[in-house]
Amino acid sequence: MPETIPRPDATELPGKPGQPTESSRRSALLKAGALQNAILNSANFSIIATDEKGIIQLFNVGAERMLGYRADEVVNRVRPSDMHDPQEVNARAMALSVELDTPIAPGFEALAFKASRGIEDIYELTYICKDGSWFPAIVSITALRDDYGDIIGYLLIGTDNSVRKRVEQQLNEAVDAAEKANLAKTDFISSMSHELRTPLNAILGFAQLVESGTPAPTPTQQRSIGQILKAGWYLLELINEILDLALIESGKLSLSGEPVSLTEVLAECRAMVEQQAQQRGIGMVFARLESPRYVKADRTRLKQVLINLLFNAIKYNQRGGHVTVVCTLSPPDSVRISVRDTGPGLASEQLAQLFQPFNRLGQESGAEEGTGIGLVVTQRLVHLMGGQIGADSTPGVGSVFWIEMALTEAPQTVALDDAHPTDAPRPEALPGTHQHTLLYVEDNPANLELVEQIVARRTDMRLLGAADASLGIEFARVYQPEVILMDINLPGISGVEALKILRADPDTAHIPVIALSANAVPRDIQKGLDAGFFNYLTKPIKVAQLMDALDAALQVAETTSGPAAHQEPA
């Protein structure tokens with residue numbers, strides 16, 4: 001008999017080349033089924049499938065675990081929208097109605113409307129569990145369609161968002177706490193600055209009066225007064241630098257970014273430091289720029305940075321030495337400003353400690369005073385303006401401190417008249433001219449007496465004093481002063497409130513009001529100017545600055561005379 005050739009099992013029949021065998025198809029189906037079961041039985045996701053009307057048809061293990069319902073309690077009975085917070089569902093319906101410009105009913109339509117239009121939709125709503133508890137969930141909803149493209153149901157896949165929400169809440173609470181701490185710190189610094197400046201105002205103010213008084217002080221007295229002024233201005237410098245540092249660290253320091261002419265700024269800085277250099281026998285060399293250069297910076301703060309570097313180069317130089325300032329291009333788009341001195345220089349370990357607060361690099365016992373935070377403030381100001389700062393030094397040769405700032409285009413127009421606004425001499429009153437009436441509202445007797453003595457030196461001015469805002473407002477109405485000096489922290493009505501009252505009264509609305517306050521934090525100054533003060537001067541008083549401010553206010557007052565005639569005080 002011929003030998004029988006066994007037929008292969010159907011499952012082993014080979015397919016055409018490139019086609020899967022029946023065995024591989026069965027394996028793929030089994031794997032797909034296993035994957036589907038794994039997804040449907042996942043405890044980490046709630047998977048809910050509905051029919052086209054939104055009635056639940058499938059409720060997986062994850063949905064049971066999260067929501068507390070058994071599948072047989074919800075299938076063919078409820079919609080997913082019934083398990084959401086109804087207020088949130090209503091809010092979503094209203095929001096979508098506005099967004100899509102079509103009325104959308106609250107309920108399941110609010111959940112499925114976008115998906116039914118083929119728009120991908122992931123929303124965040126609160127799920128209400130069977131036991132009444134709730135949790136925030138992120139839900140992705142997709143429309144299920146048949147072969148003809150008709151909707152046959154919806155698939156909703158949700159995850160518990162409680163952990164992320166809790167982390168967000170904790171983060172928000174931490175941010176709020178940090179902001180409150182920063183605000184408290186800023187308020188404390190502002191208060192301390194005020195408390196320190198108030199006695200300093202009397203010390204420095206009266207010392208300036210004695211120094212320039214008649215008869216002139218004796219040489220011994222002059223030396224004593226010089227020591228008082230030196231110590232007082234040093235203490236004021238320390239207060240200012242601590243205040244600057246605190247504001248920078250709290251993020252409250254606002255800086256402008258504008259084109260600043262290097263030629264102008266360096267000329268202004270040179271004028272401010274040259275006298276000190278001459279007194280110490282230090283030569284100053286400022287290299288000329290080959291062409292006008294502008295940097296993007298805050299003009300005031302850039303001057304502060306450069307003056308600090310120049311003062312240090314003068315202070316820590318040797319007698320008969322020199323300071324050289326050079327500007328060089330730093331490709332591709334920056335300029336380096338270098339301040340070189342011929343002082344004793346710094347060792348490498350000192351260079352490493354340069355920008356540490358209150359670290360004077362062993363100069364504490366030296367003859368030169370210093371706060372130990374000037375360079376720290378300088379560094380942080382440079383960084384805030386987008387620049388870089390550094391130093392190089394050779395012991396016995398000298399040091400060079402440099403900053404690099406980004407170059408920018410020149411401003412469209414340059415106001416030549418504003419280049420040196422303080423250079424014009426202050427006009428002095430001519431003999432026999434009308435006496436201007438000034439009103440000073442101040443509750444501190446020492447401050448009032450100081451201003452009285454300053455104003456007494458001007459024959460064209462006389463001063464009225466009021467110890468509180470209420471009395472000051474009455475004096476302003478009765479005597480119609482040309483200018484009012486106003487303290488901010490007054491008993492009862494504050495200086496800012498008094499200003500509002502004066503501005504609201506037609507009889508006094510025209511009078512320029514100058515704030516004269518120990519509140520020297522930049523935000524306080526800006527608040528004062530925004531409130532409508534003509535000028536804002538800080539204590540301790542600088543006599544020349546006060547006189548300039550009064551003259552400017554008097555010039556304005558001459559063009560806006562009040563409705564009432566001036567009356568003589570009783």
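This section describes salt bridges, one helix pair, a buried glutamate and unusual backbone geometry in a predicted model.

Salt bridges were counted first. The total comes to 20. Side chains of opposite charge can pair when their charged atoms come close. Three pairs and one network are described here.

Asp121 and Arg92 form a salt bridge, with N and O 2.4 Å apart. This pair links distant parts of the chain. Asp121 belongs to strand β3 (residues 121-128), and Arg92 to helix α4 (residues 86-100). The two are 29 residues apart. Asp121 has a relative accessible area of 5%. For Arg92 the value is 14%. Buried means under 20%, so Asp121 and Arg92 both count as buried.

A second salt bridge joins Glu274 to Arg270, and its closest N and O atoms are 3.1 Å apart. Here both residues sit in helix α8 (residues 262-279). They are 4 residues apart, about one turn of the helix. Glu274 is partly exposed, at 26% relative accessible area. Arg270 is partly exposed too, at 27%.

In a third pair, the side chains of Asp487 and Lys539 meet at 3.6 Å, N to O. Asp487 lies in the loop between β15 (483-486) and α14 (495-504). Lys539 lies in the loop between β17 (535-538) and α16 (543-559). The pair therefore ties together parts that are 52 residues apart in sequence. Both Asp487 and Lys539 are buried. Elsewhere, Arg70, Asp72, Glu73 and Lys130 are joined into one network by salt bridges that share partners.

Glu442 also touches the third pair. Its contacts include Asp487 and Lys539. Asn447, Leu448, Ala466, Ala467 and Leu490 are also among its contacts beyond four places in sequence. Glu442 is located in the loop between β13 (436-441) and α12 (445-456). Its relative accessible area is 2%, which makes it buried. Two polar partners lie close by in sequence. The side chain of Glu442 makes a polar contact of 2.8 Å with the side chain of Tyr440. The Glu442 side chain also reaches the backbone nitrogen of Asn444, at 2.9 Å.

Helix packing was examined for α9 (residues 299-315) and α11 (residues 374-384). Their axes are 10 Å apart, at an angle of about 145 degrees. The crossing is left-handed. From α9, the contact uses Arg301, Gln304, Val305, Asn308, Leu309 and Asn312. From α11, Gly374, Leu375, Val377, Thr378, Leu381 and Val382 take part. By class, 6 of the contact residues are nonpolar, 5 are polar and 1 is charged.

The backbone was then checked for exceptions. Most residues other than glycine have a negative phi, and most peptide bonds are trans. The bond from Pro331 to Pro332 is cis, with omega near 5 degrees. Pro332 falls in the loop between β9 (322-330) and β10 (334-340). The bond from Lys539 to Pro540 is cis as well, with omega near 0 degrees. Pro540 is in the loop between β17 and α16. Lys539 is thus part of both a cis peptide bond and a salt bridge.

Positive phi values occur at Asp101 and Gln480. Phi is about 55 degrees at Asp101, which sits in the loop between α4 and α5 (108-116). For Gln480 phi is near 50 degrees. Gln480 occupies the loop between α13 (469-479) and β15. Asp101 is exposed, at 71% relative accessibility, whereas Gln480 is buried, at 2%.

Technical notes: Residues numbered from 1 in each chain as written. Predicted model: local features only at pLDDT ≥ 70, side-chain atom pairs only at ≥ 80, totals over all residues. Heavy atoms only, no water. Salt bridge = Lys/Arg side-chain N within 4 Å of Asp/Glu carboxyl O. Buried < 20%, exposed > 50% of the residue type's maximum accessible area, 1.4 Å probe, protein only. Axes fitted to C-alpha atoms, helices over the stretch in contact; angles between N-to-C directions. Left-handed = near helix turned anticlockwise from the far one by under 90°. Contact = heavy atoms within 4.5 Å. Nonpolar A, V, L, I, M, F, W, Y, C, P; charged D, E, K, R; others polar. Polar contact = N/O pair within 3.5 Å; in protein donor to acceptor, adjacent residues only side chain to side chain.
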